[in-house]
Amino acid sequence: MKKRSNKAAEPDDTLCCCEYVDRLGGRSHVAACCCDCEDLDEACDRWMKREPQNPDSLSRVAATVTDRLRVPWISGAKKVDLSLIPPLILLPILLHIAALHYLLGIVVLTALPGMVLWYYYFTHRKKGRTLFFLSLALFSLFYMYYLFLTEVVPRGDVTNVQLGIITLGVALTLLALMHTKKGPGYVKPSPADTHSTVTYHSPLQEVDSAYHNGLRHQVVIANRTSPAEQGAEPRAVAGSVLEKDSGKRNWCPFCKLVRPPRAGHCRICSACVLRLDHHCVWINSCVGQANHRSFLLTLFFFLLTSLYGISLVLQSVCPTQSLLTALLYCPDVYSQSSSALCFTCAWYSSIVTGGLLHLLVLQLINVSYNVTEREARIALRDKTGRSLVWGLIIDTGVYSRGFRSNWNEFLTMGETLEPKALKPTDLV
């Protein structure tokens, strides 16, 4: 089968909103999504002739479909990640099914968290990046707000002030999330430690786009020790051995640089992060020195908005019951489809709120003891920390300076504490 190659894109050519450069370097159009698909044609031809498929035929077809699934944009059509789509389709369908009967509600609301946890462990084991959880979080927030406006507000039980509070909570949650997504604070090599620089003019695979801007990607090769330490004579003192061991532990073999204390390498983002806490799949980014405070604010605003919204929904569909009683027992709520849907969404929001509340409590405890989630896991693995209150508190005793000093350090840290970083123009 003869394959036709697309016209190669010139560097100076400007793309219209419906054009893009495909994975083979050719210039294509979103309207030609089903044209010249040699991989799909070959797979179908082998299937019709009852010939065995090539081992990589399905993967090539999937790569082609992923590359051609795009939406028009100003500077060229943008690729749509396939992991964004399932939450947009499955969540409304599952919630409406759960609203048909209370038994279906029990089955769906029990199976849904199980499916999410299974997908989390599946992707976490492969150390892969996915937008599924971020899409699920954002769509859940918008869909709950949409149902609140269309199903609860028309009942007349919600005042304008209460509606304004819910709207303000949603807006503050999104603003805090946008600030969190700006970046966790990546470790950059200092100019004194730079050994050499390699510049790639094409995007690197499995590298966080926030870490490298544009199409040029600089890989800086740094020395394991500073120039002063290289020229210094070895000293026969006990402290020099500790400093040498500390330097070996702080050397990142992946990023080829010396990390400052408490920094860590994230294999999902393929970058070293200052004061790395953990990689959060719900924001599809790491939580580090630069965005840890905004991450806690995002959780705080979301939980307040969710708890207040759940209380308003339950007061509307079960006005004669108290809040806790209404969540467990609400008579005749399934007699109307609107009330059943609102009650189901209240239960779904309660499940999400419970999970995020547990995460927020753990984060507040860690900040109080001045320990990151990464340091707590390492301390448990190496048995160097104390586990208190059934594992909720992990005290490493390394950085803790008391409750007040720990919180003062956390609230005053930020991007200003980062070491001086090289600009992309300085690395060329």
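Let me begin with Glu409, which is partly exposed, since its relative accessible area is 35%. Please keep in mind throughout that what we are looking at is a predicted model.

Glu409 forms a salt bridge with Arg262, and the closest N and O atoms of this pair are 3.9 Å apart. The two partners come from distant parts of the chain, because Glu409 sits in helix α13, residues 403-412, while Arg262 sits in the loop between β8 and β9, 147 residues away. With the cut-off for a salt bridge set at within 4 Å, the 3.9 Å pair is counted.

Arg262 has another partner, and here the closest N and O atoms, those of Arg262 and Glu375, are 2.8 Å apart. Glu375 belongs to helix α12, residues 373-382, and Arg262 to the loop between β8 and β9, residues 264-266 being strand β9, so this salt bridge ties together parts of the chain that are 113 residues apart in sequence. Taken together, Arg262, Glu375 and Glu409 are linked in a network of salt bridges.

Which members of this network are buried, and which are partly exposed? Arg262 is buried, because its relative accessible area of 11% falls under the 20% limit. Glu375 is buried as well, with a relative accessible area of 12%, whereas Glu409, at 35%, is partly exposed. As a general remark, side chains of opposite charge can pair when their charged atoms come close.

One further distance around Arg262 may help you to place the loop on the screen: the C-alpha atoms of Arg262 and Gln289 are 9.8 Å apart in space, with the two positions 27 residues apart in sequence numbering.

The count for the whole model comes to 4 salt bridges. Among them is the pair formed by Asp382 and Arg381, whose side chains meet with an N to O distance of 3.2 Å. In this pair Arg381 is exposed, with a relative accessible area of 62%, and Asp382 is partly exposed, with a relative accessible area of 43%.

Let me turn now to the backbone, and to two residues in loops. Lys256 has a positive phi of about 60°, although this residue is not a glycine, and its place in the chain is the loop between β7, residues 251-252, and β8, residues 257-258. Arg275 likewise has a positive phi, of about 45°, and again is not a glycine; this residue lies in the loop between β10, residues 271-273, and β11, residues 278-280. Is each of these residues buried or partly exposed? Lys256 is partly exposed, with a relative accessible area of 36%, while Arg275 is buried, with a relative accessible area of 8%.

Next comes the surface, where Leu88, Ile89, Leu90, Ile93, Ile97, Leu100, Leu104 and Met115 form a nonpolar patch that has about 700 Å² of accessible area together. The elements that give two or more residues to the patch are α3, residues 85-98, and α4, residues 102-125. Which of these elements gives the most? The answer is α3, with 5 residues. Ile89, one of the patch residues, lies in helix α3 and counts as partly exposed, because its relative accessibility of 46% lies between the 20% and 50% limits.

From the surface we can move to the interior, and ask how many cavities of 30 Å³ or more the structure holds. There is 1 such cavity, and about 30 Å³ of space lies in the largest cavity. The residues that line the largest cavity are Thr123, His124, Gly128, Thr130, Ile268 and Val281. Sorted by class, this lining has 2 nonpolar and 4 polar residues, and no charged ones.

I will finish with Lys79, which is found in strand β4, residues 78-79. Lys79 counts as partly exposed, at 47% relative accessibility. Lys79 and Leu69 are 10 residues apart in sequence, and their C-alpha atoms are 6.0 Å apart in space.

If you take one picture from this talk, let it be the network that links Arg262, Glu375 and Glu409 through salt bridges, with Arg262 in the loop between β8 and β9.

Definitions and conventions: Residues numbered from 1 in each chain as written. Predicted model: local features only at pLDDT ≥ 70, side-chain atom pairs only at ≥ 80, totals over all residues. Heavy atoms only, no water. Patch = residues over 30% accessible without salt bridge, like charges linked within 9 Å, V, L, I, M, F, W, Y side chains within 5 Å. Areas by Shrake-Rupley, 256 points an atom, 1.4 Å probe, with all protein chains shown as cover. Helix = DSSP H or I, 4+ residues; strand = E, 2+ residues; numbered from the N terminus. Buried < 20%, exposed > 50% of the residue type's maximum accessible area, 1.4 Å probe, protein only. 1 Å grid on protein atoms, 1.4 Å probe; cavity = no way out; pocket = protein on both sides within 12 Å on 5 of 7 lines; lining within 4 Å. Points joined across faces, edges and corners; volume = space filled by probe spheres on them. Nonpolar A, V, L, I, M, F, W, Y, C, P; charged D, E, K, R; others polar.
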